[in-house]
Amino acid sequence: MTADSTQSAPPPQSDTLRRVICVARAPNNALLAEMRSAGWEVVVAKTAAGAEAATKKSGVAAGLIDFDGFTPRDFPTLKACLSQTAIGWVAIAAEGQTASKAVRELIRNFCFDYVTLPLPPEWISHALGHARGMAALDYVDTAADTLLTDDSTMVGTCEAMQQLYSTIRKFANTNASVFISGQSGTGKELTALAIHRCSPRRKAPFVAINCGAIPHHLLQSELFGYERGAFTGADGRRIGRIESANGGTLFLDEIGDMPFEAQAGLLRFLQEGKIERLGGNESIPVDIRIISATHVDLEAAILAGRFRTDLFHRLCVLRINEPPLSARGKDIEILAHYVLQKYKTDSTHKIHGFTPSAIDAMCSYHWPGNVRELINRVRHALVMAEGRLLTPRDLDLESQPAGERMTLDRIREQAERSAIETALLSHDHRPGETATALGISRATLYRRMVAYGIYVAEDTALDDTDEELNGDVSN
Ligand SMILES: Nc1ncnc2c1ncn2[C@@H]1O[C@H](COP(=O)(O)OP(=O)(O)OP(=O)(O)O)[C@@H](O)[C@H]1O
Ligand SMILES: [Mg+2]
């Protein structure tokens, strides 16, 4: 088992919580001294490449970037540094510098704040502390909810997934054939790979073959291989999939679609543990573990005479039923964050997460395509999104799923919440402008945001002196 390489560097542990990187062509020494005396451990990078190297190391919680002296050639590298999810960035922009569109975009898309000097140094320390806190909030630790192997990561923490992990570990210790059933896109192949990677066979090959996609006459040669001259066009020996998996695991995917005529040959191999290449007469012993999967109802296929009962019993010594995504509750949100982390670089700007209504929409959707569909929707949203949070519209989940009971109150609530989120996004979370656009008071906007669990920025909140708190509550 190893750590998952798709995760960005995790947020720093407590002993490095105050490590900050200062990216500047000509660092301001007084500022550095002040930051150090405020308790920050400061790492300085004077070039874009130096910044890239430093941000890749874990332990940096916050970053201060001064664009002065950097040229557009540096921007792609600086952008890669600024997109590190675990680091909260603050920009220093000298007067006139924000006239550059590229600088404006980098600040808007990746920094929590920007300051123009001269400014009391303790303000910068305060901004960095804030940025560090925001970055830690953004980071979702999926590592705690995963089954990790060298090349596969299974994410999920619900009861059904916990059971699946435990079953995988137990099945991995045996050599018995495993049959995996489940709807399309639920993770059958991933489960097969995880069993192999957790088993003593992990160093030997994992060979997969899609039994439904290959016509009968080709399937025989794919599985068993052939000798030179076995048929027209066989101008050399070819090793089949069964033989190439020797010592490891053979994954027979879509076994339910295997042509009936091909089933007898496979059964013979399972009974004898030996193969004969087509056109050959040598009997070759092969040591493999068989895992098979299908999304069709194999018992129904047996009743319909399309699948051999004796083969089914050979394949299905141990059985796993993959849970559909709609039954995994909170895992939908965990998986969505995992996919966001994994593919975040597909987006042109830094995406911080999902709006609460996007989470709601995902949790109430029925997911006919299961995890694969969720991955596709989040990837599509990352490319399409214009704001910092992915919305139901970005995920193409605006319309209500069929079958959910919607009361008028719920419809009203969802419409109101979605309108507030959209207005906040289009007004850069500026409360005054957002409230005006919605035709409500700031106090009402604030109350509604609290009620709907929408993130409330400090400057949105009102203090007791706000005249509207004591008056208008009607909007
Ligand atoms: N629990 C999970 N955590 C992370 N990724 C997952 C999980 N389950 C499935 N996936 C991912 O979802 C995608 C679909 O998984 P997989 O191919 O294993 O499904 P399947 O059940 O074999 O689908 P099909 O029936 O269409 O062949 C893959 O990209 C896989 O990595
Ligand atoms: Mg599959």
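Which residue in E15 does leucine 250 stand opposite? Leucine 250 stands opposite isoleucine 290. The model discussed here is predicted. This briefing covers two open sheets, one with the strand order E2-E1-E3-E4-E5 and one with the order E9-E12-E15-E8-E16, and then the surroundings of ligand 1, a shell of 18 residues.

**The sheet with strands E8, E9, E12, E15 and E16**

- Five strands make up this open sheet, and their pairing is parallel.
- Its edges are strand E9, residues 206-210, and strand E16, residues 318-321. Each of these edge strands pairs on one side only.
- On average, neighbouring strands of this sheet are turned by 20° against each other, with direction ignored.
- Within the sheet, strand E12 (residues 249-253) runs parallel to strand E15 (residues 289-294), and four bridges join them.
- The pair of leucine 250 and isoleucine 290 from the opening question shows leucine 250 opposite a residue of E15.

**The sheet with strands E1 to E5**

- This open sheet also has five strands and parallel pairing, in the order E2-E1-E3-E4-E5.
- Strand E2 (41-45) and strand E5 (113-115) are the edge strands, each with pairing on one side only.
- From one strand to the next, the twist averages 20°.
- Strand E1 (residues 19-23) and strand E3 (residues 62-66) run parallel and are joined by four bridges.
- Valine 23 has isoleucine 65 as its bridge partner in E3.

**Residues around ligand 1**

- There are 18 residues around ligand 1, and those that come nearest are Val155, Gly185, Lys188, Leu190 and Arg372.
- Sorted by class, the shell holds seven nonpolar, six polar and five charged residues.
- Three elements each supply at least two residues of the shell: strand E7 (153-155), helix H7 (188-198) and helix H15 (370-384).
- Domain 2 (145-321) and domain 3 (327-470) each contribute at least three residues to the shell.

**Polar atoms and buried area of ligand 1**

- A nitrogen atom of ligand 1 lies 2.8 Å from a backbone N or O atom of valine 155. Val155 is also listed among the residues that come nearest to the ligand.
- For threonine 186, a polar backbone atom is 3.2 Å from an oxygen atom of ligand 1.
- For glutamate 189, the distance from a polar backbone atom to an oxygen atom of ligand 1 is 3.1 Å.
- Taken alone, ligand 1 exposes 640 Å², and the protein buries 83% of that area.

Terms used:
Residues are numbered from 1 along each chain as its sequence is written. Chains are lettered from A and ligands numbered from 1 in the order in which they are written. This is a predicted model: local features need pLDDT of at least 70, side-chain atom pairs count only at pLDDT 80 or more; totals for chains, interfaces and linings use all residues. Side-chain values use heavy atoms; hydrogens and water are left out. A residue is near a molecule or strand if one of its heavy atoms lies within 4 Å of it. A polar contact is a pair of N or O atoms within 3.5 Å; within protein, one must be able to donate a hydrogen and the other to accept it, and residues adjacent in sequence count only if both atoms are side-chain atoms. Accessible areas come from the Shrake-Rupley method with a 1.4 Å probe; for residues, only the protein chains shown count as cover. Ala, Val, Leu, Ile, Met, Phe, Trp, Tyr, Cys and Pro count as nonpolar, Asp, Glu, Lys and Arg as charged, and the others, Gly among them, as polar. Domain bounds come from an automatic or database domain assignment. Two strands pair if DSSP finds at least two bridges between them. Axes are lines fitted to C-alpha atoms, for helices over the stretch in contact, and angles run from 0 to 180 degrees between N-to-C directions.
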